[in-house]
Amino acid sequence: MSQTHEKLTKEKLGDMPAEEFRRYGHELIDWIANYFEHIEEFPVLAQIEPGDLKSQLPSTPPEHGESMEAILSDVDRLIVPALTHWSHPSFFAYFATSTSAPGIFGELLSAAFDVKSMLWRTSPASTELEEVTLDWLRQMLGLDAGMSGFIYDTASVSSMHAIAAAREGVEQRIREEGMSGRRDLPLLRVYASEQAHSSIDKGIITLGLGQRSLRKIPTDKDFRMDPQALADAIDEDKRNGILPFCIVATVGTTSTSSIDPVSDIIPISEKHAMWLHVDAAYGGSAAIVPEMRHILEGCQRADSLVLNPHKWLFTPFDLSVLYCRHLDLLRRAFSLVPEYLRTPEQEKVRSGSDYGVQLGRRFRALKLWMIIRYFGHEGLAARIREHCRLAQLFASWIDASTDWELMAPTPFALVCFRACPLIKEEKDEVRAKRLDALNEAIMHGVNATGKALLSHTKLNDKLTLRLSIGNIRTTEKHVIQVWDLLNEQLKKLAG
Ligand code: PLP
């Protein structure tokens with residue numbers, strides 16, 4: 001090897017030198033600590049127009065490596081202004097969520113280990129830590145030991161896998177023969193309420209069942225699935241030669257956080273030998289609060305349940321947990337071991353790739369393990385309890401005001417409400433349209449201040465504002481502030 005080549009190899013190959021890594025690593029941790037300390041100085045919603053960031057970035061990749069100084073300075077200059085700050089304590093939109101320090105450390109370590117959790121031997125730590133951590137979480141939730149946990153990225157993917165396992169259970173040789181071109185296969189049907197999350201529709205589309213396989217069941221005045229309507233729909237489908245195989249109940253629906261009556265749905269699923277999957281992506285975490293355990297009533301007899309620690313357990317995105325009573329069916333649906341992945345211990349151990357579409361999986365359990373250890377069951381429960389208290393407080397202000405009204409019950413930490421000032425208008429439709437427009441304008445007005453972020457939904461055809469409290473940094477001060485902002489907007493817009 002020539003001397004020049006040796007020099008070049010030393011300089012240009014290999015990773016960042018350890019000293020540099022250490023220096024920038026410390027700098028970055030300082031940067032993150034400052035970010036959290038000053039996060040309230042940023043507008044919650046990114047104040048940029050579509051395309052603004054793209055137009056400031058070079059359209060071709062750098063030919064030569066750049067310094068970390070230059071890269072980090074562009075994070076400040078370009079990336080941060082283009083962020084909508086989910087970690088801001090006044091982020092009340094969608095489902096408010098947040099990362100936490102132990103979760104960030106978990107992510108950092110996981111990126112360093114860069115494990116592909118596919119076979120036990122490629123990732124013994126990830127495989128076994130996942131089993132233990134999810135069993136801890138199961139105990140915290142009050143679920144029985146028959147439920148085994150498995151980590152996916154998102155609830156959308158967890159639910160899709162649950163429905164695939166349910167389909168495997170109908171013994172129609174779908175894994176082997178597929179569904180298309182089969183005259184012997186009846187229409188397979190899944191039932192979920194009108195309020196179920198769109199991920200259920202998407203899961204069904206992905207599995208090739210087709211949207212007509214999903215029957216939406218009406219809800220009651222509190223947006224909960226009507227069990228009688230469910231039973232009637234199943235009976236009717238059976239009379240028509242359709243094969244009902246799965247019910248999806250939701251604990252904490254996306255629009256209102258309503259809770260389907262799982263205890264009343266269970267006897268229906270059992271009568272028809274159907275799989276009951278519970279989408280507790282949002283609401284499930286609240287069951288770790290001892291006095292809120294009842295929200296999972298009936299779920300002890302479900303076949304599967306999804307819950308998202310990345311929603312309300314202070315876990316950096318992404319981490320979704322599927323608890324399943326029949327991992328054997330999930331395995332039967334997805335296990336496929338080519339020669340190059342065969343290992344001597346495969347019959348004795350769990351291998352992540354046996355339970356889903358993915359081969360390699362991130363070491364996600366590490367962050368959840370660190371979070372549960374750092375905060376403890378008690379600490380996590382205290383934070384969720386406080387979020388629920390703040391939501392009740394906000395709901396009580398709405399309730400006490402003649403200018404505002406609640407649009408749905410508040411079983412968790414999501415308040416659905418709208419402004420309803422007196423509008424003198426004879427025609428109901430005109431009044432309804434004006435109220436919708438007013439509420440939309442109030443929301444945009446609050447969001448434009450950059451001091452808080454709200455989102456909306458439609459309930460009974462009425463535009464409804466949603467205030468979701470789920471950020472680890474949110475305190476009463478922030479809830480008071482958004483209440484003031486809402487009233488300022490109302491005054492400005494409705495006089
Ligand atoms: N289920 C419910 C009830 C949800 O509210 C959401 C998202 O808000 C999802 C599923 C989808 O979650 P994910 O983004 O993890 O797929």
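## The sheet

In this predicted model, seven strands form an open sheet, and reading across it gives the order β1-β7-β6-β5-β4-β2-β3, with mixed pairing. Because β1 (148–152) and β3 (214–217) stand at the edges and each has a single partner strand, one side of each is left without a neighbour in the sheet. Neighbouring strands of this sheet are turned against each other by 20° on average, if direction is ignored.

Strands of a sheet pair through backbone hydrogen bonds, and the pairing may be parallel or antiparallel. One parallel case is the pair made by β5 (residues 275–279) and β6 (residues 304–307), which are joined by 3 bridges. Within this pair, His277 stands opposite Ser304 in β6.

## A helix on the sheet

Helix α9 (residues 198–206) packs on the sheet, where it touches β2 (188–193), β3 and β4 (243–250). The direction of α9 makes an angle of about 160° with that of β3.

## The ligand and its surroundings

The ligand is surrounded by 13 residues, of which the closest are Ala155, Ser156, Thr254, Asp279 and Asn308. By type, the residues of this shell divide into 8 polar, 3 nonpolar and 2 charged, and the helices α7 (155–168) and α12 (309–312) each supply at least two residues of the shell.

Some contacts can be followed atom by atom. A polar backbone atom of Ala155 is 2.8 Å from an oxygen atom of the ligand, while a polar side-chain atom of Ser156 lies 2.5 Å from an oxygen atom of the ligand. For Asp279, a polar side-chain atom lies 2.7 Å from a nitrogen atom of the ligand. On its own the ligand has 400 Å² of accessible area, and the protein covers 86% of this.

Notes:
Residues numbered from 1 in each chain as written. Predicted model: local features only at pLDDT ≥ 70, side-chain atom pairs only at ≥ 80, totals over all residues. Heavy atoms only, no water. Pairing = 2+ DSSP bridges. Helix = DSSP H or I, 4+ residues; strand = E, 2+ residues; numbered from the N terminus. Axes fitted to C-alpha atoms, helices over the stretch in contact; angles between N-to-C directions. Contact = heavy atoms within 4.5 Å. Near = heavy atom within 4 Å. Polar contact = N/O pair within 3.5 Å; in protein donor to acceptor, adjacent residues only side chain to side chain. Areas by Shrake-Rupley, 256 points an atom, 1.4 Å probe, with all protein chains shown as cover. Nonpolar A, V, L, I, M, F, W, Y, C, P; charged D, E, K, R; others polar.
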